[in-house]
Amino acid sequence: MDRRTFLTAAAGAFSVLAIGAGGVPSRPLFAWSRPGGFFAPGVGVFEPPPLVVYDDGTAYADAAASLRLPAAEVRALRVHALDALGKPVDTSRPDRPYHDVRVWVDADRDLSARLDAGPVISFPPALHDLYDRVRRLRRRALDGEIFRPPAVLLATVKIDYVPDSSEAWPLGAPPAGWYAEQRLRGAAALEVQRRLPRATEPVWPMYRVGPSNYVAATWRYLLPHE
């Protein structure tokens with residue numbers, strides 16, 4: 001099977017899956033995320049995925065807004081991603097933030113690349129073109145419907161010093177560990193949304209959790225597949 005035949009067949013296989021999705025996003029078919037963060041005491045990088053497109057054609061930007069895309073645009077994005085990720089790419093460095101780019105060939109197989117989160121200009125040309133497409137689509141999706149589900153990803157980092165200012169931890173005991181994440185849904189997620197402000201700067205809000213014990217914390221909304 002040559003490259004063009006593979007791309008056409010893969011796009012056709014997705015069309016069959018999407019028709020059966022019933023308008024409910026069940027799994028992502030394309031994702032550009034930045035899961036590789038850097039965490040120091042009180043300072044963190046905790047970025048939501050810039051763009052995830054699901055098998056019903058819904059695009060989610062920054063886990064903050066969504067936009068339904070025409071089927072033709074979804075197919076074009078997927079073919080572009082299949083072409084760009086046709087060869088393995090890994091330019092990431094240990095203990096550094098990175099971009100994870102992934103497109104699903106079918107329900108059980110995907111193609112992916114891991115890219116150093118340095119200057120975009122350093123991306124391989126094929127990934128650079130795909131990034132430009134993702135950036136344009138992300139901007140459009142951010143102008144779509146607000147996304148505020150009762151589901152959050154809560155992150156906490158232990159602090160090894162006494163911060164200049166802090167609040168009492170307003171929830172149950174935070175998870176153990178130097179760095180921890182919790183996926184919360186329903187009432188627990190709504191309580192986090194109500195009582196914990198999200199970080200707007202690199203320094204996260206800080207809390208007292210006991211005598212001389214402190215954590216920094218922030219959260220983001222969970223996407224449907226998370």
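The following exchange discusses the fold, sheet, cores and backbone of one predicted model.

Q: What kind of model is this, and how are residues numbered?
A: The model is predicted: local features need pLDDT of at least 70, side-chain atom pairs count only at pLDDT 80 or more, and totals for chains, interfaces and linings use all residues. Residues are numbered from 1 along each chain as its sequence is written, and side-chain values use heavy atoms, with hydrogens and water left out.

Q: How many helices and strands does the protein chain have?
A: The protein chain has four helices and 15 strands. Helices (H or I, at least four residues) and strands (E, at least two) are DSSP runs, numbered from the N terminus.

Q: And what share of the residues is buried?
A: Of the 226 residues of the protein chain, 42% count as buried. Buried means under 20% relative accessible area, exposed over 50%, and partly exposed in between (1.4 Å probe, protein chains only).

Q: How much surface does the protein chain expose?
A: About 11800 Å² is exposed, and carbon and sulfur atoms supply 53% of that area. Accessible areas come from the Shrake-Rupley method with a 1.4 Å probe; for residues, only the protein chains shown count as cover.

Q: Turning to the open sheet, what is the strand order?
A: Five strands form the open sheet in the order β12-β14-β15-β11-β13, with mixed pairing. Two strands pair if DSSP finds at least two bridges between them.

Q: Which strands stand at the edges?
A: β12 (167-168) and β13 (179-185) do; each has a single partner strand, so one side of each is left without a neighbour in the sheet.

Q: What does β11 pair with?
A: Strand β11 (residues 151-159) pairs with β13 in the antiparallel sense over seven bridges, and Val157 has Tyr179 as its bridge partner in β13. Eight bridges join β11 to β15, also antiparallel, with Ala155 opposite Thr218 in β15.

Q: Is β15 enclosed or open to the outside?
A: β15 is largely enclosed by the rest of the structure, because eight of its nine residues are buried.

Q: How do β14 and β15 connect?
A: They form a hairpin with two residues between them. The two strands pair in the antiparallel sense over four bridges, and Met206 stands opposite Ala216 in β15.

Q: What is the phi of Ser212, and is this residue buried or exposed?
A: Phi of Ser212 is near 60°, a positive value in a residue other than glycine. Ser212 lies in the loop between β14 (206-210) and β15 (213-221) and is exposed, with a relative accessible area of 64%.

Q: What about Asp62?
A: Asp62 has a positive phi near 55° and is found in the loop between β5 (58-61) and β6 (65-68). At 18% relative accessibility, Asp62 counts as buried.

Q: Changing topic, which residues touch the most other members of the largest nonpolar core?
A: Of its 25 residues, Phe30, Trp32, Val53, Val101, Leu115, Leu127 and Leu130 do. A nonpolar core is a set of buried Ala, Val, Leu, Ile, Met, Phe, Trp, Tyr and Cys residues joined through side-chain atoms within 4.5 Å.

Q: Which elements give two or more residues to this core?
A: Those elements are β1 (28-36), β4 (51-54), α2 (71-84), β8 (98-104), β9 (110-116) and α3 (125-142).

Q: What does Leu127 touch?
A: Not counting residues up to four places away in sequence, Leu127 touches Trp32, Ala84, Leu85, Val89, Val101 and Leu115. Contact means heavy atoms within 4.5 Å.

Q: What is in the second core?
A: This separate core has 20 residues, including Phe147, Leu184, Val192 and Trp219.
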